[in-house]
Amino acid sequence: MKRNLLFLLSLIFIVSCAGPQKPPIQNRFEKAQEIRNETKRCWEAYKTYAWGSDVLLPISKSSENWYKHPLYISPIDAYSTLRVMGLNNEAAQIETYVTDSLDFDKDIFVKVFEVNIRVLGGLLSMYQYSGNERILDKAEDFGRRMLPAFESGTGIPHYWVNLKTGDTRGDTINVAEAGTYLLEMGILSYFTGNPIYYQKAKRATKAVYERRSDLGLIGERIDINTGEWTNTNSHICAGIDSYYEYLFKAWLLFGDPELKEIWDTSIVAVQKYLPEFNDSLLWYGRVNMNTGEKTSSVVTLYDAFFPALLALSGDLDNAEELQKTWDWLWNKYGLEPMAYNFETNLPTYPVYDLNPEIIESAFYLYHFTGNKKYEKMGEQYWDDINKYCRTDIAYTAIENVETMEKRDYMATYFFAETLKYFYLLFGDQGQFNFDDYIFTTEAHTFKRDQFDKDLVKERLGL
Ligand code: DMJ
């Protein structure tokens, strides 16, 4: 009897030491179903209270548009998530609305960066899922309307473009707004066979890179006509973040060797000058691009995308170390503040806007390591979001993570990114193979094997 017990105990010990185990499929599946049901609930709320508008306001049960005329941003952003979750009837409604009722010939100035990642990216993903040529026509029409923005002294786009007249405004821009076009515009070139989109995007990205300092660092803001830096802070935080993300991801998707070269040089400088340990936590702070001297200890919750990018590019050690930091910050408040000073240990902007980045990184790290702790992190984030952000019809932003006072707004990327990453973290049941896809910065999914390497060269003009 005693021997049997000893045998059983050693068996349990051996099994528990056998390394990271994926949890029983049933539990993960139930969690994924819960997130799918919640997504359905949010979608129903959007349809009931905001149909035709850009954004749902979940507390006042009303809606808001970004501009004078709506662009249907929430549904376009939601489409790829609905498809990933197999909510195909809901997705089909969006497709019909886009083909039959959406017209981009509107006299409004739109933010080029924001509409590129949400509207153009969303439409292109919709086309790849549906194969509906009328969706591609819409995407091309939209892409064409974005092009005048890229007419500037450097090729870096203006901040605003008028969708009807092609007039432009805004002559200084941050680097994320300057260099987050390679994926969407490259994919548009591939689908249409017209290299102009990729060429414009690449010119803008290279215009930033070519103005790097002797240390290999880039600044935060630039004058699009003169190419002069107007803010010389260098970091991977909001304002620069997706510039780095697109160098690596666009290289993965298109295999353009120039992008790989730019990424390789850039990441060396980033790793040399930005990381620092503070109270045994790893942070990527801000330095002067010309001297490398530290300028600030303020980080933003957007920076939590970086573990995912590091993991994707093969640097798992730094990715895991950095995720620890973001997890620590999340648990300090129960949600993350938008901006935080890691030296004073105080939030400098306490809003939480239902952002996805920390969940995105937990998803990537779970995929690359198989370590159950990343799934546990995801569970914690999901529970906290439910505790503080859930409303009777959907989810809403938080005004201040110290008081958890709610704010009446459900950002469009909650559909595109946050819910999708949660679902995939728990719902990777074999139908969705991570390695088959590229996620844009707005988490729109594109199947990699549908981009033939020879055709890419021809259609993107490589
Ligand atoms: C998203 O719109 C995109 O991921 C963008 O690149 C920055 N982050 C927001 C969501 O937080």
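Which polar side-chain atom lies 2.7 Å from an oxygen atom of the ligand? To find out, select the ligand in this predicted model and look at what surrounds it. The answer is a polar side-chain atom of Glu-442.

**Stop 1: the ligand**

Keep the ligand selected and add Ile-117, Arg-118, Tyr-302, Asn-355, Pro-356, Glu-357, Tyr-413, Glu-417, Thr-441 and Glu-442, which surround the ligand. Besides the Glu-442 atom, at 2.7 Å from a ligand oxygen, two further atoms can be picked out. In the side chain of Asn-355, an N or O atom is 2.9 Å from an oxygen atom of the ligand. From Thr-441 it is a backbone N or O atom that lies 2.6 Å from a ligand oxygen. On its own the ligand has 300 Å² of accessible area, and the protein covers 92% of that.

**Stop 2: Thr-418 and helix H16**

Next select residues 412-427, which form helix H16, and find Thr-418 within the helix. Thr-418 has a relative accessible area of 0%, so it is buried. Beyond its neighbours within four places in sequence, Thr-418 is in contact with Leu-354, Asn-355, Pro-356, Ile-359 and Tyr-413. Some of these names are familiar from the previous stop: Asn-355, Pro-356 and Tyr-413 are among the residues around the ligand.

**Stop 3: Ala-443**

Move to the loop between strand S19 (437-439) and strand S20 (445-447), where Ala-443 is found. Ala-443 is not a glycine, yet its phi is positive, at about 65 degrees. Most residues other than glycine have a negative phi. Is Ala-443 buried or exposed? Ala-443 counts as buried, because its relative accessibility is 0%.

**Stop 4: Asp-279**

Now select Asp-279, in the loop between strand S10 (275-278) and strand S11 (281-284). Asp-279 is another non-glycine residue with a positive phi, here about 50 degrees. With 63% relative accessibility, Asp-279 counts as exposed.

**Stop 5: Val-287**

Go on to strand S12 (residues 286-288), which holds Val-287. Val-287 counts as buried because its relative accessibility is 4%, under the 20% cut-off. Leaving out residues up to four places away in sequence, Val-287 touches Leu-217, Thr-232, Asn-233, Ser-234, Tyr-273, Leu-274, Gly-292, Glu-293, Lys-294 and Thr-295. For a sense of distance, add Leu-82: its C-alpha is 41 Å from that of Val-287, and the two are 205 residues apart in sequence.

**Stop 6: helices H10 and H15**

Select residues 241-254 to show helix H10. How many of the 14 residues of H10 are buried? The count is 13, so H10 is mostly covered. The end C-alpha atoms of H10 are 20 Å apart, in agreement with the span expected at 1.5 Å a residue. Just after H10, Gly-255 takes a positive phi of about 70 degrees.

Then select helix H15, the 18 residues 372-389. From first C-alpha to last, H15 reaches 25 Å, close to the expected 26 Å. The buried residues of H15 include Tyr-374, Met-377, Tyr-381, Trp-382 and Ile-385.

**Last view: the whole chain**

Zoom out to the protein chain, whose secondary structure comes to 17 helices and 20 strands. Its radius of gyration is 22 Å, close to the 23 Å that the globule rule gives for 462 residues, so the chain is as compact as a globular protein of that length. The C-alpha trace spans about 85 × 55 × 50 Å along its principal axes. Of the 462 residues, 59% count as buried. The accessible surface comes to about 17,800 Å², and carbon and sulfur atoms hold 48% of that.

How values were computed: Residues numbered from 1 in each chain as written. Predicted model: local features only at pLDDT ≥ 70, side-chain atom pairs only at ≥ 80, totals over all residues. Heavy atoms only, no water. Helix = DSSP H or I, 4+ residues; strand = E, 2+ residues; numbered from the N terminus. Expected span 1.5 Å × (residues − 1). Buried < 20%, exposed > 50% of the residue type's maximum accessible area, 1.4 Å probe, protein only. Contact = heavy atoms within 4.5 Å. Near = heavy atom within 4 Å. Polar contact = N/O pair within 3.5 Å; in protein donor to acceptor, adjacent residues only side chain to side chain. Areas by Shrake-Rupley, 256 points an atom, 1.4 Å probe, with all protein chains shown as cover. Rg over C-alpha atoms; globule rule 2.2 N^0.38 Å.
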